[in-house]
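I opened a fresh notebook page today and went through this structure one feature at a time. Here is what I looked up, in the order I looked it up.

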Amino acid sequence: MSVMSPRPESSGSRAADPGSAAIRIRGLAKAFPGHLGIGRKVALPGLDLDVPSGEIFGLLGPNGAGKTTTLKLLLGLLRPDAGEIEVFGLPHTAAEARARLGFLPENPYFYDYLTAEEFLDFYGRLHGLDASERGDRVQRALRRVGMEGRGKTPLRQCSKGMVQRVGLAQAIQHDPQLVILDEPMSGLDPIGRRQVRDLIQELKAEGKTVFFSSHILQDAELLCDRIAILEKGSLRFSGALRELLPSQIRGFEVTLRGANLENLPAEHLWAGEEETTLLVADAVELERLLAECRSRELLVVSIWQRRESLEDLFLRELGQEPGGES
Amino acid sequence: MSAPAATAAWSAIRAIALNTFREAIRDRILYLLLVFALLLIGASRLLSMLTVGSEDKIIKDLGLSAISVFGVLTAVFVGVSIVFKEIEKRTVFTLLSCPVRRWHFIAGKYAGLLSVLGLIVVVMSGALCALLALRGEAFLPLLPAILLIFFELAMVTAFAILFSTLTNPMLAALWTFVAYVVGHLTWSLELLQARMPEGPGRVLCDVLYTVLPNLEWLNVRGEAVRGALPATEHLIGASAYGVCYALAVLVVACMVFERKEFI
Ligand SMILES: Nc1ncnc2c1ncn2[C@@H]1O[C@H](COP(=O)(O)OP(=O)(O)OP(=O)(O)O)[C@@H](O)[C@H]1O
Ligand SMILES: [Mg+2]
């Protein structure tokens with residue numbers, strides 16, 4: 001048994017009731033002092049955020065938005081100027097809170113004189129795992145990140161993506177309830193990204209909470225139950241992805257080829273030598289356009305559904321400036 | 001501290017110490033030892049050719065000084081970099097996200113480096129004693145001096161770690177050397193104080209004498225070379241002083257590190 005991760009019922013501390021917040025942030029503020037007070041930089045003016053238990057939560061935002069700063073504050077690597085952070089209802093600096101989370105930093109680097117297995121074993125010890133469980137857990141974690149059979153590789157010889165995977169293994173090997181990942185997909189090839197997405201989904205299926213930051217909106221869109229978009233340290237947007245991105249179709253793009261392409265009942269998007277692309281708003285209009293095509297004997301090259309993607313939302317939300325507000 | 005918390009602290013500190021030890025070993029610090037052994041053998045050969053009569057004394061003197069110098073160099077250069085490197089390379093981010101308190105980190109780093117130094121001192125002393133034994137010389141009187149060298153290293157290492165939590169390795173190394181040199185000059189404050197008239201100057205002398213490390217107290221190499229053993233009270237007193245002083249410096253290092261932000 002682990003000595004470091006008492007279950008709430010056995011420790012007698014406040015239990016995390018299911019469905020409650022895994023992370024609760026209130027009024028979190030942080031400024032970087034700069035040199036001699038010059039160049040003081042407010043990274044977070046006052047952030048409120050709730051990450052519900054058992055969900056995948058994506059913290060999004062452009063470069064310099066304050067994502068890493070938020071995560072560092074959450075892990076106690078930075079001290080907040082104001083505000084409070086709770087992890088499973090416990091103060092975030094409590095050892096019990098730490099025992100229940102796993103963390104992968106941005107662009108991780110680990111002791112290059114260790115092999116992957118030795119490194120994971122070291123972290124197993126830090127999490128208070130017994131020698132008897134450590135071996136199995138190390139192998140299981142390596143398997144889960146697609147590094148099976150490569151545990152003897154010195155970290156010095158690992159590629160960036162391999163180090164990233166070992167870091168992920170480190171974050172999950174002690175079976176934490178909450179997994180915090182800063183840019184988990186960066187540095188990975190398409191297969192690696194896919195594996196990490198699958199891993200995050202597996203974690204969710206096991207009832208874990210995953211809180212990660214990312215620039216890669218497609219990944220966030222595929223994965224997240226809930227997102228928050230930060231900009232200049234302020235929350236621009238936050239909510240369930242299902243509600244933010246209604247799945248209804250926002251029109252069809254139809255590409256046609258033929259001789260008579262004039263005055264079709266649709267908005268022209270793009271016209272080439274032989275082909276032209278049109279936009280219609282809904283299925284009824286699409287049917288009308290297709291009927292017209294048949295009568296004119298036009299060739300329908302493709303029909304493409306238009307939905308709002310997270311990227312559209314992101315660009316729309318953040319595109320309202322430059323310098324618009326403030 | 002409750003029993004499980006104490007167990008947790010102990011296992012975290014041990015894990016960090018072990019990792020530090022491993023780093024030092026794999027960084028081939030211990031090749032220094034080979035250099036030491038060769039140097040010692042070479043020098044003793046040379047000396048036995050040049051001098052008659054007193055070469056054993058010279059070997060003892062040279063050997064003890066070499067243990068001390070090699071030990072101090074390792075303590076300073078490894079000591080100032082081990083904490084800094086973890087911050088610089090950001091390995092400390094993941095480490096401190098574990099249920100590890102910051103003072104566990106400092107204590108583990110310290111314990112790890114101290115084990116490396118212990119190993120270095122043991123191996124070097126072994127080489128020296130073997131050399132003396134081969135020449136039919138008694139080496140037992142050297143052991144108290146070697147023990148006190150180790151406590152001196154414990155103090156120097158504590159300073160190295162303290163300074164490395166405060167500044168970059170270059171400056172930290174400089175400050176640690178300053179502490180080392182000052183530590184060997186503090187005894188002169190006692191003489192100075194005795195000659196001072198009553199007044200603030202004398203009080204200042206007194207305070208400095210008490211606060212500054214007194215490394216000369218842990219130096220009994222002269223007696224050891226002459227084959228004399230230090231008084232038991234001196235040995236115990238000096239050892240206790242070394243341990244307590246090192247711990248006090250380490251507590252300050254933990255306090256500094258506790259307040260640190262990792263940006
Ligand atoms: N050490 C520091 N000193 C001064 N300002 C800093 C420091 N670290 C971060 N900042 C500022 O805080 C803000 C937030 O930075 P942060 O690293 O949290 O952004 P991020 O959202 O993680 O960006 P990225 O997507 O590039 O990783 C930025 O404006 C940055 O300039
Ligand atoms: Mg970042």
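**A cysteine in chain B**

I began with B:Cys205, which is buried at a relative accessible area of 4%. A reminder to myself: this is a predicted model. I then asked which element holds B:Cys205. I found B:Cys205 in helix H9 of chain B, which covers residues 200–211.

Next I listed the neighbours of B:Cys205, leaving out residues up to four places away in sequence. Its contacts there are B:Leu189, B:Leu192, B:Gln193 and B:Met196. I also checked B:Gly242, which is 37 residues from B:Cys205 along the chain. The C-alpha atoms of B:Cys205 and B:Gly242 are separated by 21 Å.

**Strand E13 of chain A**

I moved to chain A and asked why strand E13 is largely enclosed by the rest of the structure. Of the 6 residues in this strand (275–280), 5 are buried, so the rest of the structure largely encloses it.

Which strands pair with E13(A)? I noted strand E11 of chain A (residues 252–257), antiparallel to E13(A) over 6 bridges. Within that pairing, A:Leu256 has A:Thr276 as its bridge partner. I also noted strand E12 of chain A (residues 267–271), again antiparallel to E13(A), over 4 bridges. Here A:His268 is bridged to A:Leu278 of E13(A). The connection from E12(A) to E13(A) is a hairpin through 3 residues.

A general point I keep beside such entries: side chains in a regular strand alternate between the two faces of the sheet.

**Two positive phi angles**

I looked for residues that have a positive phi and are not glycine, and wrote down two. A:Asn107 has a phi of about 40°. A:Asn107 sits in the loop between strand E6 (101–104) and helix H4 (116–126) of chain A. Is A:Asn107 buried or exposed? Neither label fits, because its relative accessible area is 38% and buried ends at 20% while exposed starts over 50%. I recorded A:Asn107 as partly exposed.

A:Glu297 is also not a glycine, and its phi is positive at about 60°. I placed A:Glu297 in the loop that runs between helix H10 (283–296) and strand E14 (299–305) of chain A. With a relative accessible area of 72%, A:Glu297 is exposed.

**Aromatic rings**

How many aromatic pairs does a search of the whole structure find? I got 17 over all chains. One that I opened up was A:Phe122 with A:Tyr123: the ring centres are 5.4 Å apart and the planes are at 70°, so I logged the pair as edge-to-face. A:Phe122 is buried at 3% relative accessibility, and A:Tyr123 is buried at 0%.

In chain B, I looked at B:Phe257 and B:Phe262, whose ring centres are 5.7 Å apart. Their planes meet at 65°, so this pair is edge-to-face. I found B:Phe257 buried at 0% relative accessible area and B:Phe262 buried at 1%.

Back in chain A, I traced the ring pairs into a cluster made of A:Phe110, A:Tyr111, A:Tyr113, A:Phe119, A:Phe122 and A:Tyr123.

My last entry is a charge over a ring: A:Arg100 lies over the face of A:Phe88, at 4.5 Å from the ring centre.

Key:
Residues numbered from 1 in each chain as written. Chains lettered and ligands numbered in written order. Predicted model: local features only at pLDDT ≥ 70, side-chain atom pairs only at ≥ 80, totals over all residues. Heavy atoms only, no water. Buried < 20%, exposed > 50% of the residue type's maximum accessible area, 1.4 Å probe, protein only. Pairing = 2+ DSSP bridges. Contact = heavy atoms within 4.5 Å. Phe/Tyr/Trp six-rings, centres within 6.5 Å; stacked < 30°, edge-to-face > 60°. Lys NZ or Arg CZ within 6 Å of the ring centre and 35° of its normal.
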